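Subject: The structure I promised you

Hi,

Here is the structure we talked about, ready for you to open. Have a look around first, and then read on for what turned up in it.

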Amino acid sequence: MRTSSTIRTGRTVNKAGNGTARKTTRAAAFLAAGALALSLTACGGDDDGGGDKKGQGDGGKETAATVTLPQLDGESLEVAAVWTGAEQKNFEKVLDEFEKRTGAQVTFVPAQDPIINFLGSKVAGGAPPDVAMLPQPGAIKQAVEKGWAKPLGAEATKELAENYTQGWQDIGKVDGKQYGVYYKAANKSLIWYNAQVFENAGANEPKTWDELLTTAQTVYDSGVTPFSVGGAEGWTLTDWFENVYLSQAGPEKYDQLARHEIKWTDPSVKEALTTLAEIWGKKDYVAGGASGALQTDFPASVTQTFTGGDQPKAGMVYEGDFAQVNIGETEAKVGTDAKVFPFPAVGDAAPVVSGGDAAVILQDSEAAQALATWLASPDAAAIHAKLGGYLSPNKNLDASAYPNDVQRKIAEALVAAGDDFRFDMSDQAPQAFGGTPGKGEWKALQDFLKNPKDVAGAQQRLEADAAAAYGN
């Protein structure tokens, strides 16, 4: 998947359609609103938004609890997720607060990616975790079809309905029943750039694809390679494709391709791949060329853009809001050294692609239902938001909880979108096609990055793999 399941929301497996076919006009309205809200470059990077909830003892102000939880003294829970490092530690702070409020004991279980395979081994061994954080709608559907997932109870469903738009609720449904709480989201339509490189080159933030190509040439002429691409992880390439395709082909075609109602040999796919080749096909535009990009993982693709002074390996890197976690590993400051602009419009409107991680109950109990209720609350989201590298679709989370203006504006744009968004396409696909390293879409796009002239061959491989995975 990547460095985290959210990142495939970040990223990342067996998938189904989001069940919310939306009209083009509504989507276009959202895209315009999102672009407006993402005028980010004037934002600072260090202001602390606070946002701690009752019981947090790390210096933030206390606020009254907004969610009622049962007393669960003596109860124990396991929560599985593929998160590691800071992402895991920050989530564990959210679980710590749940323990304080309920008396339950919660253990974080590190899972391998793809998590659906990990869970299969646990179920076969008779010891599934109580709750799992699933990064794809299709993974939820697969867990339901296998009889693993349990529906949310009345309290969790009520909390979800109060705090989430219908679209975010629907993504967690299977056959009309609510199974998932989308606790974590991602805006995957952002391009981050080295502000010093842009200043030295006299480059401007582009609003269209043609302007992006002009900006890239300007950066190249200044002596810096324009783009860093984390091609060693195929999900980054699917994200590139999805943004181009959504903007160029439009939301209706996007939904059709996501459900494999049209083939990957469709002319709209040819057009999108041909457009991608305008960047991927210029070896001097990609750090290390295709071979270098295919050896660069996602974290390195970000950090190499913001290290090396005014001569980094690249001036720009495409990926979602979660790239801030990796920028934080450098000396660059988000909002000043590291700035961001929305993915430019390839067609009539700029794209906005989202992803997310949903809490799904595998072992039904009062404690598991209470944890799902907790994760659907603004209280839980506020704890995680202040720690950075996190975006919540919870509409009742106060934006002041986010640690900087860049993150606040990204979050506000997501919430302002309401139901008008498109979920990551590869995360809607069957795992064999959209979520497995070295296979399916990931591998086909890695091969295309290696040989961007072979558009027809890429389409044929994509369609063959999709037909096998979807069964049609």
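Let me start at one particular residue: Arg-259 is partly exposed, with a relative accessibility of 30%. Its side chain meets that of Glu-261 in a salt bridge, 2.9 Å from N to O. Please keep in mind that this is a predicted model.

Right beside this pair is His-260, which comes just after α11 and takes a positive phi of about 60 degrees.

Helix α11 itself is worth a look. Its buried residues are Pro-251, Tyr-254, Asp-255, Leu-257 and Ala-258. Looking down the helix axis, you will find these buried residues within an arc of 165 degrees, so they line one face of α11. The background is simple: an α-helix has 3.6 residues a turn, so residues three or four places apart point the same way.

Lys-253 also sits in helix α11, and its side chain forms a salt bridge with Asp-266 at 3.4 Å, N to O. Asp-266 belongs to the loop between α11 (251-258) and α12 (267-280), and the two partners are 13 residues apart. Are both ends covered to a like degree, or where do they stand? Lys-253 is partly exposed, at a relative accessible area of 29%, whereas Asp-266 has 15% and counts as buried.

The whole protein

Stepping back, the protein has 21 helices and twelve strands. It contains 472 residues, and 62% of them count as buried. The area it exposes is about 16,600 Å², with 47% of that supplied by carbon and sulfur atoms. Across the whole structure, a search finds 14 salt bridges.

A buried salt bridge network

Another of the salt bridges joins the side chains of Arg-101 and Asp-379, at 2.7 Å from N to O. This one links distant parts of the chain: Arg-101 is in helix α3 (residues 85-102) and Asp-379 in helix α17 (residues 378-385), 278 residues apart. Are these two residues buried or exposed? Arg-101 has a relative accessible area of 16%, and because that is under 20% it counts as buried. Asp-379 is buried as well, with a value of 0%. Glu-97 joins them, and the three residues are linked in a network of salt bridges.

Trp-374 touches each member of that network: its contacts include Glu-97, Arg-101 and Asp-379. Val-67, Leu-69, Val-94, Phe-98, Ala-380 and Ile-383 are also among the residues that Trp-374 touches, leaving out those up to four places away in sequence.

The nonpolar cores

Trp-374 has a second role in the picture. The largest nonpolar core has 89 residues, and Trp-374 is one of those with the most contacts inside it, along with Phe-98 and Trp-192. Which helix gives the most to this core? That is α16 (residues 366-375), with seven residues. Another core lies apart from this one and has 51 residues, including Tyr-193, Trp-209, Val-244 and Tyr-285.

The strands

Tyr-193 leads us on to the sheets, since its bridge partner in β9 is Met-316. Strands β7 (residues 190-194) and β9 (residues 316-318) pair in the antiparallel sense, over three bridges. Both belong to an open sheet of four strands, in the order β8-β9-β7-β10, with mixed pairing. At its edges are β8 (227-228) and β10 (338-342), each of which pairs on one side only.

Elsewhere, strand β6 (residues 180-187) is mostly covered, with eight of its eight residues buried. It runs antiparallel to strand β11 (residues 353-361), and seven bridges join the two. For one of the paired positions, look at Ala-186, whose bridge partner in β11 is Gly-355.

One last stop

Finally, find Gly-418, in the loop between α18 (405-416) and β12 (422-423). Gly-418 is buried, at 15% relative accessible area. Which residues does Gly-418 touch, not counting those up to four places away in sequence? They are Thr-165 and Trp-168. The C-alpha atom of Gly-418 is 9.2 Å from that of Pro-393, a residue 25 places away along the chain.

Enjoy exploring it!

Best wishes

Conventions:
Residues are numbered from 1 along each chain as its sequence is written. This is a predicted model: local features need pLDDT of at least 70, side-chain atom pairs count only at pLDDT 80 or more; totals for chains, interfaces and linings use all residues. Side-chain values use heavy atoms; hydrogens and water are left out. Buried means under 20% relative accessible area, exposed over 50%, partly exposed in between (1.4 Å probe, protein chains only). Contact means heavy atoms within 4.5 Å. Two strands pair if DSSP finds at least two bridges between them. A nonpolar core is a set of buried Ala, Val, Leu, Ile, Met, Phe, Trp, Tyr and Cys residues joined through side-chain atoms within 4.5 Å. A salt bridge is a side-chain nitrogen of Lys or Arg within 4 Å of a carboxyl oxygen of Asp or Glu. Accessible areas come from the Shrake-Rupley method with a 1.4 Å probe; for residues, only the protein chains shown count as cover. The arc is that of the directions from the helix axis to the C-beta atoms.
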